[in-house]
Amino acid sequence: MEEFSGKVLGIRNHFVEGRLDAQVIRVGISNGFSFQPGQYVMVAEDGFRLRADSSQLKWTPYSLASSPLEKGVLEFVYTVKYTGGFTQHLAESLRVGGSL
């Protein structure tokens, strides 16, 4: 598996009845990454680690929502689940300028 990091370029929040329900994250990358529609990537963020081994990052699969024709940018869309998992962590801590 090839690893790379990207800078968060933008976050769009979507609310339902006043509560954050979903986010769209745009991440800039520079390594010439290319993909086909329907593929996914494994995403990790330094502040979220495995409970059983805090020295290991928690990797989570996300489908790519961006166009493969748009080079240098990946976009992810996800529903925020308030269960203490990765999407809640992202919703509470990820900021524009941060990294994934």
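**Strands, rings and spaces in a predicted model**

Strand E2, residues 19-28, runs antiparallel to E5, and 7 bridges join the two. The structure is a predicted model. One contact between these strands can be given by residue: Val24 of E2 has Val77 in E5 as its bridge partner. Of the 7 residues of E5, 5 are buried, so this strand is largely enclosed by the rest of the structure. In a regular strand, side chains point alternately to one face of the sheet and the other.

Aromatic residues come next. A pair of rings is described by how far apart the centres are and by the angle of the planes. The structure holds 6 aromatic pairs. In the pair of Phe4 and Phe33, the ring centres are 5.1 Å apart and the planes stand at 40°, so the pair counts as tilted. Phe4 belongs to the segment before strand E1 (7-16), while Phe33 is in the loop between E2 and E3; the pair thus links distant parts of the chain, 29 residues apart. Are these two rings buried or exposed? Phe4 has a relative accessible area of 29%, which makes it partly exposed. Phe33, at 22% relative accessibility, is also partly exposed, because buried means under 20%.

Tyr62 and Tyr78 form an edge-to-face pair, with 5.7 Å from centre to centre and 65° between the planes. Tyr62 lies in strand E4 (residues 60-63) and Tyr78 in strand E5, so this pair ties together parts that are 16 residues apart in sequence. Both Tyr62 and Tyr78 are buried. These two tyrosines also belong to a cluster, in which ring pairs link Phe48, Tyr62, Phe76, Tyr78 and Phe86. A contact of another kind involves Tyr82: the charged end of Arg19 sits over its ring, 3.8 Å from the centre.

Several residues of the cluster return when the empty space is examined. Rolling a probe the size of a water molecule over the atoms shows where such space is left. A search of the whole structure finds 1 cavity of 30 Å³ or more, and the largest cavity holds about 30 Å³ of space. Which residues line the largest cavity? The lining consists of Ile25, Val43, Tyr62, Phe76, Tyr78, Leu90 and Leu100. By class, these are 7 nonpolar residues, with no polar and no charged ones. Tyr62, Phe76 and Tyr78 therefore appear both in the ring cluster and around the cavity, and the two tyrosines tie E4 to E5.

The largest pocket holds about 510 Å³ of space. It is lined by 25 residues, and Glu2, Phe4, Val41, Met42 and Trp59 are the closest to its centre. Strand E3 (40-43) and strand E5 (73-79) are the elements that give two or more residues to this lining. The largest share, 4 residues, comes from E3. By class, the pocket lining has 16 nonpolar, 5 polar and 4 charged residues.

Two of the residues closest to the pocket centre are aromatic and can be followed further. Phe4 is the partly exposed ring that forms the tilted pair with Phe33. Trp59 is placed in the loop between E3 and E4. Its relative accessible area is 28%, so Trp59 is partly exposed. Trp59 and Leu20 are 39 residues apart in sequence, and their C-alpha atoms are 23 Å apart in space.

Definitions and conventions:
Residues are numbered from 1 along each chain as its sequence is written. This is a predicted model: local features need pLDDT of at least 70, side-chain atom pairs count only at pLDDT 80 or more; totals for chains, interfaces and linings use all residues. Side-chain values use heavy atoms; hydrogens and water are left out. On a 1 Å grid over the protein atoms alone, a cavity is a set of points where a 1.4 Å probe fits but cannot get out, and a pocket is an open set with protein on both sides within 12 Å along at least five of seven lines; lining residues have an atom within 4 Å of a point. Grid points are joined across faces, edges and corners, and a volume is the space filled by probe spheres set on the points. Ala, Val, Leu, Ile, Met, Phe, Trp, Tyr, Cys and Pro count as nonpolar, Asp, Glu, Lys and Arg as charged, and the others, Gly among them, as polar. Buried means under 20% relative accessible area, exposed over 50%, partly exposed in between (1.4 Å probe, protein chains only). Two strands pair if DSSP finds at least two bridges between them. Rings of Phe, Tyr and Trp (its six-membered ring) pair if their centres lie within 6.5 Å; planes under 30 degrees apart count as stacked, over 60 as edge-to-face and the rest as tilted. A charge sits over a ring if NZ of Lys or CZ of Arg is within 6 Å of the ring centre and within 35 degrees of the ring normal.
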